[in-house]
Amino acid sequence: MERQIERRREPEPVQYDRYMEELWLTQKSERDRKASLPHVLKFNDIPWRQAAQCYWKHYVGYLPNERYKQAPFSSMTVSEQMLFRGSKSGKHRHFNEAVLFIVRGEGYEIHDDVKYPFETGDIVSVPTFCVHQHFNAVQETDVQVFFATAAPVCHLLGIMSTEQLEMHPNYKLPEGATPLYGPDGKSVGYKSAEGVEIRFAERNAQLQSAMESRQAARFTGEAKNTYDWYRKTLTEQVDWRSSPSVPHVVKAKNRPWEDTPMGRLKYLSHATVPSGLLLFDVFYQEIPPGGRSGKHRHVAEETHKILDGRGYDVHDGKRWDWEKEDAIFIPANTVHQHFNADPHKPATFLAIQSRTYYYLGHGGIEHMEDASA
Ligand SMILES: [Fe+2]
Ligand SMILES: [Fe+2]
């Protein structure tokens, strides 16, 4: 008996698990980093850059290390895009869902060979894995787009991938790069000045085969057991995202304004508004001259594009001034309220809120104060 008690005391020395300590330090450094970032980014402070799709500027970019880099955001990329008059974007598809708000201009989308026209104020929904290309239909004006994607969510889930099918017509290779061509003479990528081969086509093959096998694995008939339910779900989701009956453009003029405790809102994307979007809610808000919105908090991150007017937000007690063209970033779990500083003119913005949080059990709004004029 005495011997057994001795043995139980044996596991020495104890290996200390530093997991909680490291987690605490990581969370603290993330909180400090987030707290140091601006909640308002000025349109003219971020440069336009040329990419495979078109010219754009990133507030929150696509690479995993761009999380909490320029803005306190983690769940979505936020960018602006410019389509020159009479021009078009690159043609491509990706796993990440995207929502495009047409700040100004007129044009159309081609999504999986179907044409969808858009105009100023509309939103375009790009469902996951839909082949898409944006076109500026007129010669007089450029098309400016404010857009968000769920790329960071796809990074986290291990399915971040883009298949580039065509570069935009004004695409120029990076300095010192030489083009690479496939056996059919089509451009497949380039060799950088440093000698690194960037091959878009290699990614095409991997994605193409995955999606082709998904189309081929069609399930018809009734699900007779739980396993069949999953087979049927795959077919239903492939059909859903490629069906032209799912609206890919939501027209602003067809959506109603609502008077709510938060103020005057017009929802373009919401769980009850049919569109190709699953991961984003989108709405307009108008604040009357000298008025203020309601005050609330939600777990979801929310970005605004200021369309008209000037004013300020209060986020967790801190004031952030804004004016037309600015982009606002409301981090997760932040108490916020919007104020119109102009006593004569209304202020309007477009809001994009991540719906991913809703699926994680962190949806809904905690309302704290009603809007007032
Ligand atoms: Fe895209
Ligand atoms: Fe909000």
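**Loops, sheets and core of a predicted model**

Phe129 is found in the loop between β9 (123-126) and β10 (132-136). The model is a predicted one, and in it the phi of Phe129 comes out near 60°, a positive value in a residue other than glycine. Despite its place in a loop, Phe129 counts as buried because 23 other C-beta atoms lie within 10 Å, and the cut-off for burial is 20 or more.

Asp112 makes a handy companion case. This residue, again not a glycine, has a positive phi of about 45°, and sits in the loop between β7 (106-111) and β8 (114-119). What sort of burial does Asp112 have? With 15 other C-beta atoms within 10 Å, Asp112 is partly exposed.

Stepping back to the whole chain, the protein has six helices and 27 strands. Its C-alpha atoms fill a box of roughly 90 × 65 × 55 Å, taken along the principal axes. Buried residues account for 29% of the 373 residues. As for contacts between residues at least 6 apart in sequence, 69% of them join residues at least 24 apart.

Now for the strands. Seven of them form an open sheet, in the order β1-β24-β21-β26-β19-β18-β17, with antiparallel pairing. At the edges are β1 (40-41) and β17 (258-260), each of which pairs on one side only. Within that sheet, β19 (residues 280-287) and β26 (residues 347-354) run antiparallel and are joined by eight bridges. One of the residues involved is Phe280, whose bridge partner in β26 is Ser354. In general, strands of a sheet pair through backbone hydrogen bonds, either parallel or antiparallel.

Another set of pairings involves β2, β3 and β4. Strand β2 (residues 49-50) and strand β3 (residues 55-60) run antiparallel, with two bridges between them. They form a hairpin, leaving four residues between the two strands. Arg49 stands opposite Trp56 in β3. On to the next pairing: β3 and β4 (residues 77-83) are antiparallel too, over five bridges, and His58 has Ser79 in β4 as its bridge partner.

What about the nonpolar interior? The largest nonpolar core has 45 residues, of which Val99, Leu100, Phe101, Ile123, Phe147 and Val282 touch the most other members. Leaving aside residues up to four places away in sequence, Ile123 touches Val99, Leu100, Phe101, Val250, Leu268, Ser269 and Val282. Two elements described above come back here: Ile123 falls in β9 (123-126), and Val282 falls in β19 (residues 280-287). As a general point, nonpolar side chains tend to be buried together in soluble globular proteins.

One last residue to look at is His92, in strand β5 (residues 91-94). Which residues does His92 touch, once those up to four places away in sequence are set aside? The list is Gln53, Thr162, Glu163, Gln164 and Leu165. His92 is partly exposed, with 18 other C-beta atoms within 10 Å. Asp45 is 47 residues from His92 in sequence, and the two are 28 Å apart in space, C-alpha to C-alpha.

Note on methods:
Residues are numbered from 1 along each chain as its sequence is written. Chains are lettered from A and ligands numbered from 1 in the order in which they are written. This is a predicted model: local features need pLDDT of at least 70, side-chain atom pairs count only at pLDDT 80 or more; totals for chains, interfaces and linings use all residues. Two strands pair if DSSP finds at least two bridges between them. A residue is buried if 20 or more other C-beta atoms lie within 10 Å of its own, exposed if 12 or fewer, and partly exposed in between; C-beta atoms are placed from the backbone. Two residues are in contact if their C-beta atoms, placed from the backbone, lie within 7 Å. A nonpolar core is a set of buried Ala, Val, Leu, Ile, Met, Phe, Trp, Tyr and Cys residues joined through C-beta atoms within 7 Å.
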